[in-house]
Amino acid sequence: MTTVRDVCNALKAIAPLQLAKDWDNVGLLVGDETAEIRRVITCLTLTYEVAAEAVSTGAGLIVTHHPILFKPVKRITANNAEGKTLLLLIRHGIAVYSSHTAWDNSLSGINQQLAQLLELEEIKPLRARAPADQVKIVTFVPQPQLDQVRDAIWNSGAGVIGNYQKCSFNLSGTGTFYGSDASNPVVGQAGRLEQVEEVRLEVVCSSELLERALTALRLTHPYEEPAVDIYPLKSPSDGGGSGRIGTLETPTTLDVLNRRVAKVLRQPYVQFVGDPKLIVARVGIACGAAAEFLRDARRADCQAFLTGEARFHSCLEAREYGIGMILPGHYATERFAMETLAERLNQEFPEIAVTASEHEQDPLCLAPTADPV
């Protein structure tokens, strides 16, 4: 039996949610993790048409790239498209999961796939992720109280390393103390040297959660004055980050690169900014609507930058910088990766059917050329 939770866990391994931007809304957004499912649909954007397709095909889970419920809502009614879609999904018990920016930037995600489709070399993040600001909490706990103190620290949000939670190190040893007459030791007596069998407990913690973790520690630690050491950690870069950058095996013109982009993304044309004869050796990539990465591409000495769509003033900025900007469309730079994600989930869960939505299509259409006057 395959459950919603099984597929969600696989998606978290493919695109760890900690890679998502702070403003994003990712993970399981609608549904029951314990529900059994026999069919999954992937899509770029969850519209009412995709929801109806899920109902008609018996899908129990929709994996959408763009999150539904992206902004906080106060009511869900059928008076708007989002509410109408949610009510249909809930009525039929269909769950919804989104990875969004986590899938954009994961090691096998959309930007990485775009770089590979263009056969770029030396691929790395366009905007590297800064190392996490972390500390290590060290305290010493009598063995009988170890679980309660450790659980309290974990529940505060500490003990997370990458995709793993409840991480700690525990080493048994002997602690000593001599309590003054004003002390009230839990173990032993004041006024004499005591030796106690203790466990050295080490837990990593983000700096922003440190005070919360220390409060949890002190509230559950049996000692009147627990010994606590805080060690700042200098974390190495994990190689992650947003967007991608890479080099072409052989430098080419912007015109030739435009044609290559159109071909690999199955587009009849691409919009672009720049001189078609511009020689391109280094390319920056950020899928969707990500013109804010243009300056990152400039700092990285890119001659061309690929994103889905951009505002008019961003196009002027690219022209001012002398960078070729390639715009095949938001849909074109992301939808293909929801198809490859469906294929990957099919391989991991051969007992269920996983398909990309057959009803979804680019909302932008091409008008026929006007007749000559």
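Start by selecting Arg266, Arg335, Glu339 and Glu360: in this predicted model, salt bridges link these four residues in a network. Zoom in on Arg335, which pairs with Glu360 at 2.7 Å between the closest N and O atoms. That pair ties together distant parts of the chain, since Arg335 belongs to helix α11 while Glu360 sits in the segment after β17 (353-356), 25 residues apart. Now look at the other partner, Glu339, whose closest approach to Arg335 is 3.0 Å, N to O. Here both residues belong to α11 (residues 330-348), and because they are 4 residues apart, about one helical turn separates them. In an α-helix, with 3.6 residues a turn, residues three or four places apart point the same way.

Colour the network by accessibility next. Arg335 is buried, at 9% relative accessible area, and Glu360 is buried too, at 12%. Glu339 comes out as partly exposed, at 23%.

For another salt bridge, jump to Glu36 and Arg38, whose side chains meet at 3.6 Å, N to O. What is the exposure of Arg38: buried or exposed? Arg38 is exposed, with a relative accessible area of 61%, whereas Glu36 is partly exposed at 40%. The structure holds 13 salt bridges, so there are others to click through if you like.

Zoom out for a moment and show the whole chain as a cartoon. You should be able to trace 11 helices and 17 strands. The C-alpha atoms fill a box of roughly 105 × 50 × 40 Å along the principal axes. The radius of gyration is 27 Å, against the value near 21 Å that a compact globule of 373 residues would have. Of those 373 residues, 45% count as buried. Switch on a surface and you are looking at about 20300 Å² of accessible area, 51% of it from carbon and sulfur atoms. Charge colouring will pick out 35 positive and 45 negative side chains, with the centres of the two sets 4 Å apart.

Back to the cartoon, and on to helix α6 (residues 146-155). Show the side chains of Leu146, Val149, Arg150, Ala152, Ile153 and Trp154, which are buried. What covers the buried residues of α6? The cover includes strands β7 (133-142), β8 (169-178) and β9 (193-206), along with helix α7 (210-220). Just after α6, stop at Gly157, where phi is positive at about 110°.

While α7 is in view, pick Leu219, which is found in that helix. Leu219 is exposed, at 70% relative accessible area. Draw a distance from its C-alpha to that of Gln143: the two are 76 residues apart along the chain, and the separation reads 17 Å.

For contrast, select Thr85 in helix α3 (residues 81-91). Its relative accessibility is 2%, so Thr85 counts as buried. Beyond its neighbours up to four places away in sequence, Thr85 touches Leu46, Thr47, Tyr48, Ala51 and Ile68.

Finish with two backbone oddities. Most residues other than glycine have a negative phi. Glu122, in strand β5 (residues 121-124), has a positive phi near 50°, and this residue is exposed at 63%. Asp301 also has a positive phi, about 60°, without being a glycine. Look for Asp301 in the loop between α9 (294-299) and β15 (304-306), where its relative accessible area of 56% makes it exposed.

Key:
Residues numbered from 1 in each chain as written. Predicted model: local features only at pLDDT ≥ 70, side-chain atom pairs only at ≥ 80, totals over all residues. Heavy atoms only, no water. Helix = DSSP H or I, 4+ residues; strand = E, 2+ residues; numbered from the N terminus. Rg over C-alpha atoms; globule rule 2.2 N^0.38 Å. Buried < 20%, exposed > 50% of the residue type's maximum accessible area, 1.4 Å probe, protein only. Areas by Shrake-Rupley, 256 points an atom, 1.4 Å probe, with all protein chains shown as cover. Lys, Arg positive; Asp, Glu negative; His and termini not counted. Charge placed at Lys NZ, Arg CZ, Asp CG, Glu CD. Contact = heavy atoms within 4.5 Å.
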